[in-house]
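Student: I am new to this structure. Please take one part of the surface and look at it closely, then carry on from there into the rest.

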Amino acid sequence: PAALHVPSQPAMAMQQGGGGGEGETLMQRCKPYVAMISLQFGYAGMNVITKVSLNHGMSHYVLVVYRHAFATLSIAPFALFLERGKARPPRMTPLVFLNIFLLALMGPVIDQNFYYAGLKYTSPTFSCAMSNMLPAMTFVMAVIFRMEKVDLKKPRCMAKVAGTLVTVAGAMLMTLYKGRAVEMIWSRHAHLPGPHQDAAAAAKDWFKGSIFLIIATLAWASLFILQGPTLTRYNAPLTLTTLICFVGTLQAIVVTLAMEHTTDVWKIGFDMNLLAAAYAGIVTSSLAYYVQGLVIQSRGPVFASAFSPLMMIVVAIMGSFILAENIYLGGIIGSVLIVAGLYSVLWGKHKEDVEKKEIEATEIPVAIKGVEGNGRIMDMVELDEVELEKAQANGKAVTISVPAGAGEAGMQRDDEN
């Protein structure tokens, strides 16, 4: 899973393609859709390749180190060239460094180590399905930290709460009920392991992997909660991502040295292990950050999140072809519940964004152009934000206060000249 989404500066082309204007071409309208669908295939490939690497004995602790080393080297040039010309470079304060340390700990270290461990014990499809709990978990944590207010009288709040409960129910079902294997048409003649392995041990590993994936998703949601305040203090998203990946690499090295006591685990050649580390670092930790940032900046986070179930479908097909992966009934039912809960939460979030935009649109500054001798307003002019700032800078802004229940006689003119 990606640790951060990074809104980037060169988003003009994507904004032209995602604004929904009358003059845009079909190609411009399709850009955000093509970008997000391509990203899901990229994420799906990462899950399958990583699963193959873990099955061949790659330590997930070492994989996290190499992944973020590749990610740091990939993102650093973009941060250097795209954010070098900032008029006011952000300051590195002790508080900002503490936030970066915590973000690196929650993202590259806790999230991805537990995610890879869960992937090793379960399957790519199951892991992708569990990661769809992210919006619901983020909503719960936002409520706990009072970043979200819940008013059950409003349909959007009810949708988010109901979606969260359905998502949790789906995750519990997938964790506690495995069910029988469902045979796919294209994998009917594939060799499916199962009868020869210890059923009790397999069930234990499946449960353990499910818990690891839930912990990983919680860490990922915590990262999103802390990411917003950090970006307000250090408004250089690409540089911030580079620092998080770099600090995360150092933290992951310490964790690996504590957990792996042989030097052989660090050996890597031109094989699947190198491909897994490079692919995850370059494609899903740098290129994906950049592309997803453009889409989020032009279409919003709800649009970007709505494509995540597609990754699960792609992984299920790729996993059954490449890994001869079993798909179980409990996983299918739980996945349906998680996706239903996901879209319920996203619908509630979409309605909330629409309400905010409508409120902002109605709050239009108004200035008096002239007043007759009897105090009656002759003309009123709407000012946009730029004009209002200019007027205030020149000391010409006029504010109107209208007391409740008062008519024209209650209007007061406050001229700042």
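Tutor: Start with a nonpolar patch on the surface. Its area is about 590 Å². Seven names are enough to find it: Met-92, Leu-95, Phe-97, Leu-98, Phe-101, Leu-102 and Leu-105 make the patch. Keep in mind that this is a predicted model.

Pick out Leu-98. This residue sits in helix 4, which covers residues 94–121. Is Leu-98 buried or partly exposed? Its relative accessible area is 43%, so Leu-98 counts as partly exposed.

Now stay on helix 4 and look at Gly-118, which belongs to that helix too. Gly-118 has a relative accessible area of 0%, so this residue is buried. What does Gly-118 touch? Setting aside neighbours within four places in sequence, its contacts are Ser-127, Gly-209, Phe-212 and Leu-213. Ile-215 makes a useful distance check. Gly-118 and Ile-215 stand 97 residues apart in sequence, yet 9.4 Å separates their C-alpha atoms in space. So helix 4 holds both a partly exposed Leu-98 and a buried Gly-118.

Go next to helix 9, residues 237–259, where Thr-242 is found. Thr-242 has a relative accessible area of 12%; the cut-off for buried is under 20%, so Thr-242 is buried. Beyond neighbours within four places in sequence, Thr-242 is in contact with Thr-72, Ile-75, Ala-76 and Ala-79.

Charged pairs come next. Side chains of opposite charge can pair when their charged atoms come close. How many salt bridges does the whole structure have? A search finds 6.

Take Glu-355 and Arg-156 as one of them. Their side chains meet in a salt bridge at 3.0 Å, N to O. Glu-355 lies in helix 13 (residues 329–362) and Arg-156 in helix 7 (residues 155–176), so this pair ties together parts that are 199 residues apart in sequence. The two partners differ in cover. Glu-355 has 31% relative accessibility, so it counts as partly exposed. Arg-156, at 12%, is buried.

A second pair joins these helices. Lys-160 and Glu-352 form a salt bridge through their side chains, at 2.6 Å from N to O. Lys-160 is in helix 7 and Glu-352 in helix 13, so parts 192 residues apart in sequence are tied together here. Both Lys-160 and Glu-352 are buried.

These two pairs belong to a wider group. Arg-156, Lys-160, Lys-349, Glu-352, Glu-355 and Lys-356 are linked in a network of salt bridges.

For another salt bridge, find Asp-264 and Lys-267. Their closest N and O atoms are 3.4 Å apart. Lys-267 has a relative accessibility of 61%, so this residue counts as exposed.

Turn to the cysteines. How many disulfides does the structure hold? The count is 0. Two cysteines are still worth finding. Cys-128 is buried, at 1% relative accessible area. Cys-157 is buried as well, at 2%.

Now step back to the whole protein. There are 14 helices and 6 strands. Of the 417 residues, 45% are buried. The exposed area comes to about 22,000 Å², and carbon and sulfur atoms supply 65% of it. Contacts reach across the sequence. Among those between residues at least 6 apart in sequence, 83% join residues at least 24 apart.

Finish with confidence. The average pLDDT is 77, and 76% of the residues score at least 70. Two stretches call for care. Residues 1–22 have a pLDDT below 50, and this stretch has 71 contacts in the model beyond near neighbours in sequence. Residues 375–384 are also below 50, with 26 such contacts in the model.

Terms used. Residues are numbered from 1 along each chain as its sequence is written. This is a predicted model: local features need pLDDT of at least 70, side-chain atom pairs count only at pLDDT 80 or more; totals for chains, interfaces and linings use all residues. Side-chain values use heavy atoms; hydrogens and water are left out. Patches are made of residues with over 30% relative accessible area and no salt bridge: like charges are joined within 9 Å, nonpolar side chains (Val, Leu, Ile, Met, Phe, Trp, Tyr) within 5 Å. Accessible areas come from the Shrake-Rupley method with a 1.4 Å probe; for residues, only the protein chains shown count as cover. A salt bridge is a side-chain nitrogen of Lys or Arg within 4 Å of a carboxyl oxygen of Asp or Glu. Helices (H or I, at least four residues) and strands (E, at least two) are DSSP runs, numbered from the N terminus. Buried means under 20% relative accessible area, exposed over 50%, partly exposed in between (1.4 Å probe, protein chains only). Contact means heavy atoms within 4.5 Å. pLDDT is the predictor's confidence in each residue, from 0 to 100. A disulfide is a pair of cysteine sulfur atoms within 2.5 Å.
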